[in-house]
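Here is a short set of exercises to work through with the model open beside you. Try each task before you read its solution.

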Amino acid sequence: PIPCVPWQSQTSGQYQRRVHGDLVKMKFNRFQDMTSTGKRHPVCATYKIGAKKDGTVTAYQLDSFMDGGWAKEWSGASAARFQQRQDNVYRIENVKSTIKLVRTNKPSNTVMRSPGCAASIYFMESAMQHLATKLRMDEARLKEQNFLKKTYSR
């Protein structure tokens, strides 16, 4: 089989349907399937995290850019979920976040199992790790100290 790139498989199916006037069944091998489906939205971000000397996190700021590809598709939903889950499992009183969707000439991205969450959790955990290093605290102790309590609701 001839390897196809993402737009070729979709275009071929649309062309075949137009020519034959009926639905077309297309069967892909694993390589073709993986190259024709969207991936997670890449995110580039910077963060600031503030804490008391005892390790209580008081503020978190995240400024980010999300690559939406050439078409929006699910980018808005992924960005919303990214912001919704950015504090992860920690109780932080002051949270500020900006996210900008960027249209690029890359293939469009799609949602995959909890869209936006993996990236937002990554940035929060990176910030906590960085903070633990700066405060010279045990990372696990710092995280446990800032966990959401059972009585707290978002």
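**Exercise 1: the order of elements**

Reading from the N terminus, the protein chain follows the pattern α-α-β-β-α-β-α-α. This is a predicted model, in which local features need pLDDT of at least 70, side-chain atom pairs count only at pLDDT 80 or more, and totals for chains, interfaces and linings use all residues. Residues are numbered from 1 along each chain as its sequence is written, and side-chain values use heavy atoms, with hydrogens and water left out.

Task: find how many helices and strands the protein chain has.

Solution: Start with the DSSP runs, where helices are H or I of at least four residues and strands are E of at least two, numbered from the N terminus. The tally is 5 helices and 3 strands.

**Exercise 2: a strand pair**

Task: work out how strand 2 and strand 3 run, and the hand of the crossover between them.

Solution: Two strands pair if DSSP finds at least two bridges between them. Strand 2 and strand 3 (residues 94–103) are parallel and share 10 bridges. As one example, Asp63 sits opposite Thr98 in strand 3. Next, follow the chain from strand 2 through helix 3 to strand 3: this β-α-β crossover is right-handed, meaning that the path runs clockwise with the strands pointing away from the viewer.

**Exercise 3: around Phe82**

Task: list some residues that Phe82 touches beyond its neighbours within four places in sequence.

Solution: Count a contact when heavy atoms lie within 4.5 Å. Phe82 then meets, among others, Val43, Leu62, Met66, Ile99, Ala119 and Phe123.
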